[in-house]
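Hi,

Here is the structure I said I would pass on. Have a look at it first, and my notes on what turned up follow below.

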Amino acid sequence: MSLSPDILHAAHLLREGKVVAFPTETVYGLGANALDPMAVARIFELKERPSFDPLIVHIADIREIGRITTSNDHRVQQLAARFWPGPLTIILPKSDLIPDIVTSGLSTVGIRMPANPIARELIREAGCPVAAPSANKFGQLSPTLASHVAKQLPDVDYILDGGQSAVGIESTIISLNDQGFEILRHGVITKEEIEQLIPYYALPVEEKTNIVSPGMLKSHYSPEKPLYIIGSDYTAPADRSRVGLLSYRGDDISGYAQVETLSSTGDLKTCAVNLFAAIHRLEESDVDFIVAEPVPEQGIGIAVMDKLRKAAYRYL
Ligand code: TXA
Ligand code: MG
């Protein structure tokens, strides 16, 4: 099968040390050749990302793993067989091939094989592992459309448009310890699914050797307009004429200036797919602030609520 001209062009730019935004099934990534420290430095610059926040390395072929990590933990093969390609990032000890700038000086590296075929064709054609954070400015809303990237990162060298991200929220990130796995960031692959392969075991705080994943920062994914979550300490306002509603199922929408419904059937996967694009639209609409209904905190709903709380944190 011949590749489309835009994938060939984007791959060429990656080989030249340029920074390319590309679609993945989770969110758009801002990619550079992971083996080229100068190219990776441009990612941090464009994103205005603090240098202490490490990047995920994306691969298209399972054999690449041997070059990137020193680990030969058999559990990685099990996880890869079940969840790759897909929205799971595994933190493993890094090999010397990976420059320190990628991992912010950590001895570990996050690795993921994306499921989006355009992403995989791009990585394969570029011929190198691709370091990529989400293609947004640091701390701002994640991009699930090429237009979201263009708005936040006008100076990126190229945006490969692959339509809307199918999953809509970032990958689940796990680390492995002798007893089992730990979740550093919740995503659509749930703890229960991973537990079918490996026991869950959170190391006691004193035994943690690494910094916690900066994905655990309390404030993140922040829209430019205030966002409040309806709940025990926040009640929806009586005057809704200048308020946008991020509704779970569209049940109680009366009086709001603008409404985005995550899933009319209450399907949590659909909520994840629509989450960021819905907040982007509310942010761009003419409302003063946004109120969000909580979604049930089970399965994928855990990740959705995690993103919502981080988006709301600045405005508590
Ligand atoms: O779905 C995704 O994971 C997307 C797409 C583009 O693949 N990428 C993404 O990257 O969300 P980013 O940089 O926005 O988030 C990566 C998170 C950060 O919070 C970072 O701190 C954490 O992964 N991380 C990366 N390497 C790590 C490491 N060695 N140890 C602990 N956390 C790490
Ligand atoms: Mg991010």
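Let's start with the sheet: 9 strands make an open sheet with mixed pairing, in the order β7-β1-β2-β6-β3-β5-β4-β8-β9. At its edges sit β7 (158–159) and β9 (181–185), each of which pairs on one side only. On terms, helices (H or I, at least four residues) and strands (E, at least two) are DSSP runs numbered from the N terminus, and two strands pair if DSSP finds at least two bridges between them.

Before going further, some housekeeping. This is a predicted model, where local features need pLDDT of at least 70 and side-chain atom pairs count only at pLDDT 80 or more, while totals for chains, interfaces and linings use all residues. Residues are numbered from 1 along each chain as its sequence is written, chains are lettered from A and ligands numbered from 1 in the order in which they are written, and side-chain values use heavy atoms, with hydrogens and water left out.

Now for the overall picture. The protein chain has 10 helices and 13 strands. Its radius of gyration (taken over C-alpha atoms) is 19 Å, which agrees with the value near 20 Å for a compact globule of 316 residues; the globule rule is 2.2 Å times the number of residues to the power 0.38. The C-alpha trace spans about 60 × 45 × 35 Å along its principal axes. Of the 316 residues, 56% count as buried, meaning under 20% relative accessible area with a 1.4 Å probe, protein chains only (exposed is over 50%, partly exposed in between).

Back in the sheet, β2 is a good strand to follow. All this strand's residues, 5 of the 5 in 29–33, are buried, so β2 is largely enclosed by the rest of the structure. Strand β1 (residues 20–22) pairs with β2 in the antiparallel sense over 3 bridges, and Val-20 has Gly-31 as its bridge partner. The two strands form a hairpin with 6 residues between them. Strand β6 (residues 130–132) also runs antiparallel to β2, joined by 2 bridges, with Asn-33 partnered by Val-130. By contrast, strand β3 (residues 56–58) and strand β5 (residues 108–112) pair in the parallel sense over 3 bridges; there, Ile-56 is matched with Gly-110.

Next, the cores. A nonpolar core here is a set of buried Ala, Val, Leu, Ile, Met, Phe, Trp, Tyr and Cys residues joined through side-chain atoms within 4.5 Å. The largest has 42 residues, of which Leu-30, Leu-79, Trp-84, Leu-88 and Ile-90 touch the most other members. Helix α2 (residues 37–47) gives the largest share of this core, 5 residues. There is also a second, separate core of 29 residues, including Leu-227 and Phe-276.

One residue to click on is Ala-277, in helix α9 (residues 268–284). Ala-277 is buried, at a relative accessible area of 5%. Leaving aside neighbours within four places in sequence, Ala-277 is in contact (heavy atoms within 4.5 Å) with Thr-144 and His-148. Leu-176, 101 residues away in sequence, lies 32 Å from Ala-277, C-alpha to C-alpha.

Lastly, the cysteines. How many disulfides does the structure hold? It holds 0, counting a disulfide as a pair of cysteine sulfur atoms within 2.5 Å. Cys-128 is buried at 6% relative accessible area, and Cys-271 is buried at 0%.

Cheers
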